[in-house]
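Colleague: I should like to learn how to read a protein–DNA model of this kind. Could we begin with the contacts and then turn to the symmetry and the core?

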Protein chains: 2
Amino acid sequence: MRRLKHTKQFPAADHDHKTCITHALQEAEAYCKQQGLRLTELRRRVLELIWANHQPVGAYDLLEQLTREGRKAAPPTIYRSLDFLMQSSLIHRITSLNAYVGCNHPGLDHAAQFFICEDCGQAAEMDDAKIESAIAKDAKRLGFTVEKRTIEVAGICAHCKHHSKT
Amino acid sequence: MRRLKHTKQFPAADHDHKTCITHALQEAEAYCKQQGLRLTELRRRVLELIWANHQPVGAYDLLEQLTREGRKAAPPTIYRSLDFLMQSSLIHRITSLNAYVGCNHPGLDHAAQFFICEDCGQAAEMDDAKIESAIAKDAKRLGFTVEKRTIEVAGICAHCKHHSKT
DNA sequence: AATGTTACGTTATATTATAACAACATCCCA
DNA sequence: TGGGATGTTGTTATAATATAACGTAACATT
């Protein structure tokens with residue numbers, strides 16, 4: 001597994017999010033083209049909706065948005081797109097929220113950890129080698145072969161902490 | 001938060017599980033008595049069913065077992081007991097499985113990590129200070145206040161690995 | 001164009017969890 | 001000790017998340 005040099009910051013309140021979206025979609029296009037994956041109109045749109053912000057979004061929220069846009073959509077419609085996007089490493093599932101969020105490093109098979117603000121709902125994706133190696137060490141001691149990690153930390157982000165000091 | 005000295009081993013195939021059960025129930029009784037918590041007949045029975053083995057069990061599985069025993073039980077019955085047991089730190093919820101498993105250190109407010117075998121279904125609870133401190137360090141850097149951790153590693157345990165070499 | 005494969009539409013249903021209110025039990029103390 | 005307060009359980013209904021099964025349409029390759 002490749003390792004990233006930098007961990008992500010929590011998305012700043014004032015960052016230029018349009019850039020996040022266009023960048024994510026461009027990367028997705030390029031990656032799918034390169035890998036021969038079919039980023040269809042539907043899948044692309046779902047990815048775009050997920051990237052609307054940095055807050056993990058539920059499947060039925062996405063479904064409702066698609067429906068409002070006039071598309072005939074039922075649960076399988078959205079779940080199939082989500083499956084594709086997850087298999088292609090374009091999004092992550094946040095298990096503790098039953099929600100989905102855009103991946104910062106599409107195509108890269110990385111062990112991700114998430115810090116999720118319970119106030120603003122934003123999620124920051126990390127790739128901390130220390131966490132990963134601590135887990136690997138435990139696994140080795142147990143003789144355990146790691147397949148999937150679910151590492152999600154809920155709490156309050158710096159921004160919300162400062163702004164809730166009423 | 002108190003820190004445990006030893007991390008748990010994966011439950012061995014041949015361990016004396018009856019001891020696990022009686023020990024867990026005795027500890028629960030003692031802890032509840034000491035804390036003035038009411039471990040009612042229902043709650044005690046649910047805890048016992050959860051401790052039937054080391055595999056996290058679903059709420060509706062428990063419900064079915066209660067029903068078979070002749071008790072009038074509906075989903076709220078079981079979910080309320082589960083809530084009580086979780087708040088009392090007698091069980092953990094395994095988020096990635098929507099299932100519940102007995103806690104090894106009742107009453108102790110510990111950060112738990114779980115290694116879950118996808119073959120035999122058993123879960124091993126750990127309390128690795130390295131993982132916890134790595135998370136704490138990231139949180140500090142982000143200015144993030146940690147509330148809840150969900151750390152679950154799925155894979156194949158040593159026992160199942162050896163026995164699937166057909 | 002024929003064929004196989006992949007994606008999507010559609011209907012139904014499974015699985016997990018909670019809301020709301022009534023009935024009963026237990027506790028506490030005046 | 002009796003009577004209100006609190007906590008627990010029963011009961012009915014429903015919310016929220018996810019998948020099964022099967023048909024149809026799009027696409028891709030020959």
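Modeller: A polar contact is a pair of N or O atoms within 3.5 Å. The model is predicted, and this cut-off is applied to computed distances. In DNA strand D, a phosphate oxygen is 3.4 Å from an N or O atom in the side chain of B:Arg71, so the pair falls within the 3.5 Å limit.

Colleague: What is the distance from a phosphate oxygen of DNA strand D to an N or O atom in the side chain of A:Tyr79?

Modeller: For A:Tyr79 that distance is 3.0 Å. A base can also take part: a polar side-chain atom of B:Arg80 lies 2.5 Å from a base nitrogen of DNA strand D. Two or more residues of the surface near this strand come from each of H4 of chain A, helix H2 (41-50) of chain B and H4 of chain B.

Colleague: Which element gives the most to the surface near DNA strand D?

Modeller: H4(A) does, with four residues. By residue class, the surface near DNA strand D divides into eight nonpolar, three polar and eight charged residues. Around the strand there are 19 residues, of which A:Tyr60, A:Tyr79, A:Arg93, B:Thr40 and B:Arg80 come nearest. Of the strand D atoms that come within 4 Å of the protein, 51% belong to sugar and phosphate.

Colleague: Which residues come nearest to DNA strand C?

Modeller: Of the 19 residues around DNA strand C, the nearest are A:Thr40, A:Arg80, B:Tyr60, B:Tyr79 and B:Arg93. Sugar and phosphate make up 50% of the atoms of this strand that come within 4 Å of the protein. B:Tyr60 places a polar side-chain atom 2.5 Å from a base nitrogen of DNA strand C. Side-chain N or O atoms also approach phosphate oxygens of DNA strand C, at 2.9 Å for B:Tyr79 and at 3.2 Å for B:Tyr100. For the surface near DNA strand C, H4(B) gives the most, with four residues.

Colleague: How is the relation between the two protein chains to be read?

Modeller: One chain is superposed on the other, and the turn and the shift along the axis are then examined. Here chain A can be laid on chain B with an RMSD of 0.0 Å by a turn of 180° and a shift of 0.0 Å along the axis. This is therefore the relation of a two-fold axis. The same surface serves both copies, as 100% of the contact residues of chain A recur in chain B. Among the residues of chain A, A:Ile151 comes closest to the rotation axis, its C-alpha lying at 2.3 Å.

Colleague: What should one look for in a nonpolar core?

Modeller: In soluble globular proteins, nonpolar side chains tend to be buried together. The largest nonpolar core of this model has 30 residues, and those with the most contacts inside it are A:Phe10, A:Phe115, A:Phe144, B:Phe10, B:Phe115 and B:Phe144. The elements that give two or more residues to this core include helix H5 (129-142) and strand E5 (145-156) of chain A, and helix H5 (129-142) and strand E5 (145-156) of chain B. Leaving aside sequence neighbours within four places, B:Phe10 is in contact with residues including A:Leu142, A:Phe144, B:Phe115 and B:Cys157.

Colleague: Is A:Ser88 buried or exposed?

Modeller: A:Ser88 is buried, because its relative accessible area is 4%, and buried means under 20%. A:Ser88 is found in the loop between H4 and strand E1 (91-94) of chain A. Apart from neighbours within four places in sequence, A:Ser88 is in contact with A:Tyr31, A:Leu37 and A:Gly107.

Methods
Residues numbered from 1 in each chain as written. Chains lettered and ligands numbered in written order. Predicted model: local features only at pLDDT ≥ 70, side-chain atom pairs only at ≥ 80, totals over all residues. Heavy atoms only, no water. Near = heavy atom within 4 Å. Polar contact = N/O pair within 3.5 Å; in protein donor to acceptor, adjacent residues only side chain to side chain. Least-squares fit on C-alpha atoms with pLDDT ≥ 70 in both. Contact = heavy atoms within 4.5 Å. Core = buried A, V, L, I, M, F, W, Y, C linked by side-chain atoms within 4.5 Å. Buried < 20%, exposed > 50% of the residue type's maximum accessible area, 1.4 Å probe, protein only. Nonpolar A, V, L, I, M, F, W, Y, C, P; charged D, E, K, R; others polar.
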